[in-house]
Structure formats: structure tokens, C-alpha cells
Amino acid sequence: GMGGVGKTTIMKHVHNRLLKEDKFKKLIWATVSQDFDVRRLQNDIASQLEKTLSDDKNTTIRAGELLEMLRKQGTFLLILDDVWSSFSFEDVGILEPTTDNGCKLVLTTRSAKVVREMDCKKVQVPYLLTDEAMQLFLSKVGQDMLPNPNLESIMKDVVCECGGLPLALKVL
């Protein structure tokens, strides 16, 4: 989905909700970003497993070590946030989720191409409807603004300009 539509926010809520349940032995969150770096991603995942990877080994050896760490972990949910380009899970050392191992992988991206190339199921995050956008806007500026008929027209214009993007409404 488009930047600002709420992909990361939704995943934070999912993550926090799952923290209260015992569905997974481990929840892992890694932000990939536009400047993707295999070693950094490997380190991020390993650190959340409370492990370290050797800096003096190449990424292929580190991938094997990370894969083994994940195998030993048991069931886990790995959230990869802000993925800009596709990459090989195997090259990083990410265990392929299967029904047998009970592991899950979720990624957020702006790119439908990334979803296809990484063979993921696409879940589109929709824009807010006008009424929802107005409610969010009012929750930030204060409900007491609404009784003013002069401001109501301006607020509707502002909400429409934000195009249903929650981040734009919150920042504004």
C-alpha cells in the first residue's frame, strides 16, 4: 500500500496483540528499509533471538547460522517492515514458513512487485473512507471544533485533501 496508509501501524497492533497470546514462541520485528543490507537484517533478527552472529564470517555462513537459530527457536512470527525490493529468504537465513514448522512471515511494502517476487499473499490496506478520515482528524484536533459551521467546511476540505491517508491526517 501507499506510504502513510497505515501498514506499519497495523502490524504494530498485530505484534502487540500477539505478545499477549502464546501462539508463537517468539515474535521478531525487523525494519528492512530502502537501503537493504543483508548483514544488518541478519544481525537484527539474531539480536531478537538474543544471539549474535560473527562479524568476520561472510553472509552465506551467517545465513546458515541464522537458519539454525530460527529452527531451534520453534514457532515464530517474523515481521519484515518497510521492504522496498525483493530478496532471497535463503540468502538471509530466514527459515521458510510451513504448516509443519508453524512459523509465519509477514512483510509490509509499497510494491506489488515485491509481493509477487517474494511469493507472498497480497493484503491491500485500504484508504480511510471520508467519515473515518473525519473521525481521525477530529480525534487529533478535538471534537469541540465541530460545532463551528465555519470550520466544518474547512475541515472537510482538509480531510479530502489528505486523500484518506491516516498519516497525513495525523501529521496535519
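This is a short dialogue on reading the pockets of a predicted model.

Trainee: How is empty space found in a structure, and how much space lies in the largest pocket here?

Mentor: Rolling a probe the size of a water molecule over the atoms shows where empty space is left. In this predicted model, the largest pocket holds about 940 Å³ of space. Its lining counts 32 residues, and those closest to the centre are L105, V106, L107, C120 and K121.

Trainee: Which elements give two or more residues to that lining?

Mentor: They are α1 (7-19), β3 (104-109) and α5 (112-117). The largest share comes from β3, with 6 residues.

Trainee: What is the make-up of the lining of the largest pocket by class?

Mentor: Sort the lining residues by class and read the counts. For the largest pocket they are 18 nonpolar, 7 polar and 7 charged.

Trainee: What volume does the second largest pocket have, and which residues lie nearest its centre?

Mentor: The volume is about 390 Å³. Of its 19 lining residues, G4, V5, G6, K7 and T9 lie nearest the centre. By class, this lining has 8 nonpolar, 6 polar and 5 charged residues.

Trainee: Where in the chain does the lining of the second largest pocket come from?

Mentor: Look at elements, then at domains. At least two residues each come from α1, β2 (76-83) and α8 (166-171), and α1 gives the most, with 4 residues. As for domains, domain 1 (7-118) and domain 2 (130-171) each provide at least three residues of the lining of the second largest pocket.

Conventions
Residues numbered from 1 in each chain as written. Predicted model: local features only at pLDDT ≥ 70, side-chain atom pairs only at ≥ 80, totals over all residues. Heavy atoms only, no water. 1 Å grid on protein atoms, 1.4 Å probe; cavity = no way out; pocket = protein on both sides within 12 Å on 5 of 7 lines; lining within 4 Å. Points joined across faces, edges and corners; volume = space filled by probe spheres on them. Nonpolar A, V, L, I, M, F, W, Y, C, P; charged D, E, K, R; others polar. Domains from an automatic or database assignment.
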